[in-house]
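Here's a quick tour of one protein chain, written for someone fairly new to structures. Keep the sequence and the 3D view open while you read.

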Amino acid sequence: MSLLSTISLANQGSALSVDVTEDKPLWEAGLFSAAFRGPIYPAAEDYQNKFLPVPFLIYRGDVIRIGDESIVKAVAVEKETFKLDVSIGGAFNADSDESKIRDGMPDLDFMFEIGPEASFLLSDFGTASNSDSVAKGKPAVDKAELWLNLQLRSVFSTDFERINHRGYVFQPEFAFTLDNLFFDDSRFFLSVAPTFTTDKTQQYFYDVQEQYARPDRPFYESDAGYLGSKVSIANRVMINPELMIFVGAQLGFWHGAENKNSALYQDEFTYAIALGVKWTLFSSEEKVK
């Protein structure tokens, strides 16, 4: 999950890797299409819609993985109860002229994040499958896990002409997954994640420099600290081995944020929704666990 975006490219990577079977193709490629709606930045009052039709590639190597839970991931340690990796995530850009409060200010560029994540399995349990599922050869108990993910990432923005460093983000996340909750061959995901950032990250969203100040948007300098918390809910269903659909929502709770006094901090609660389809056209015969 992206630390800063409503529904991120990193989260799309998770959506791509929905396959709940034990043996997955080493690689697969095809088409991915998704529609998103969410606030243009944390605690924003203005929303934007995005539609993303793109080809995709998933590679599930022992060390390097592409499109499997993030855009790119380098796995350092992977045990049953502990994982350590370095991954890259991303976030959409936003035009300031589409926001009343940001009108006349610089646009928010595409953002990407890179850094380590340490994951600890807190609980591994399951629920009994129904008789129909068992009769079809599925396990008698559906997999359910609760993880604590500790994410520390360096944040950058880019207009594809230059790259600017935007500080650091720390995000502890409690993530729960359950297979086959509503449908066979599905995975349900629920997470809660508070977010803390350095001053450079907060400044990118909430600073108002003198040249952009006006009566309803006075000069403001941001401080490091608590950005807010997100609750993410998603369900992904494999219709068949080639076709998957997913639907997701993300609730942003920004009450108590460090920079709530900025004019650019507008709403204590935001929401984001996403709907997508993944169509696999090619896949390897070689399988991985």
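Helices (H or I, at least four residues) and strands (E, at least two) are DSSP runs, numbered from the N terminus. With that in hand, here's a first catch: β13 gives the most to a nonpolar patch, with three residues. What you're looking at is a predicted model, so local features need pLDDT of at least 70, side-chain atom pairs count only at pLDDT 80 or more, and totals for chains, interfaces and linings use all residues. Residues are numbered from 1 along each chain as its sequence is written, and side-chain values use heavy atoms, with hydrogens and water left out.

**The nonpolar patch**

- Patches are made of residues with over 30% relative accessible area and no salt bridge; nonpolar side chains (Val, Leu, Ile, Met, Phe, Trp, Tyr) are joined within 5 Å, and like charges within 9 Å.
- The areas themselves come from the Shrake-Rupley method with a 1.4 Å probe, and for residues only the protein chains shown count as cover.
- The nonpolar surface patch here covers about 960 Å², and its members are Trp-27, Leu-31, Leu-57, Tyr-59, Val-63, Ile-64, Ile-66, Val-72, Trp-279, Leu-281 and Phe-282.
- Which elements give it two or more residues? They are β2, β3, β4 (64–66) and β13.
- Take Leu-57 as one member: you'll find Leu-57 in strand β3.
- Leu-57 has 44% relative accessibility, so it counts as partly exposed; the scale runs from buried (under 20% relative accessible area) through partly exposed to exposed (over 50%), with a 1.4 Å probe and protein chains only.

**Salt bridges**

- A salt bridge is a side-chain nitrogen of Lys or Arg within 4 Å of a carboxyl oxygen of Asp or Glu.
- How many salt bridges does that rule give? The count comes to eight.
- Glu-28 pairs up with Arg-60 in one of them, with the closest N and O atoms 3.0 Å apart.
- Glu-28 sits in strand β2 (residues 27–39) and Arg-60 in strand β3 (residues 47–60), so this pair ties together parts that are 32 residues apart in sequence.
- Glu-28 also meets Lys-278 in a salt bridge, at 3.2 Å from N to O.
- That second pair links distant parts of the chain, since Lys-278 is in strand β13 (residues 269–283), 250 residues apart from Glu-28 in strand β2.
- Put together, Glu-28, Arg-60 and Lys-278 make a network of salt bridges.
- Are these residues buried or exposed? Glu-28 and Arg-60 are both buried, and Lys-278 is buried too.
- Another salt bridge joins the side chains of Lys-143 and Glu-145, at 3.6 Å from N to O.
- Lys-143 counts as partly exposed because its relative accessibility is 44%, whereas Glu-145, at 13%, counts as buried.

**Charges without a partner**

- For charge, Lys and Arg count as positive and Asp and Glu as negative, while His and the chain ends are not counted.
- The place of a charge is taken as NZ of Lys, CZ of Arg, CG of Asp or CD of Glu.
- Asp-95, Asp-97, Glu-98, Asp-103 and Asp-107 gather in a negatively charged patch on the surface.
- One of them, Glu-98, is in the loop between β6 (82–91) and β7 (110–128).
- Arg-217 belongs to the loop between α3 (199–206) and β11 (225–240).
- Arg-217 is buried but has no salt bridge; Asp-216 is the nearest side chain of opposite charge, 5.8 Å away.
- What does the Arg-217 side chain have close by? A polar atom of that side chain lies 2.7 Å from the backbone oxygen of Ile-101.

**Far in sequence, near in space**

- Asp-179 is in strand β9 (residues 163–179) and is buried, at a relative accessible area of 7%.
- The C-alpha atoms of Asp-179 and Asp-142 are 5.6 Å from each other, with their positions 37 residues apart along the chain.

**Backbone oddities**

- Ala-43 isn't a glycine, yet it has a positive phi of about 70°.
- Ala-43 is in the loop between β2 and β3 and counts as buried, at 0% relative accessibility.
- Phe-160 isn't a glycine either, and has a positive phi of about 70°.
- Phe-160 lies in the loop between β8 (141–158) and β9, and is exposed with a relative accessible area of 63%.

Note on methods
Polar contact = N/O pair within 3.5 Å; in protein donor to acceptor, adjacent residues only side chain to side chain.
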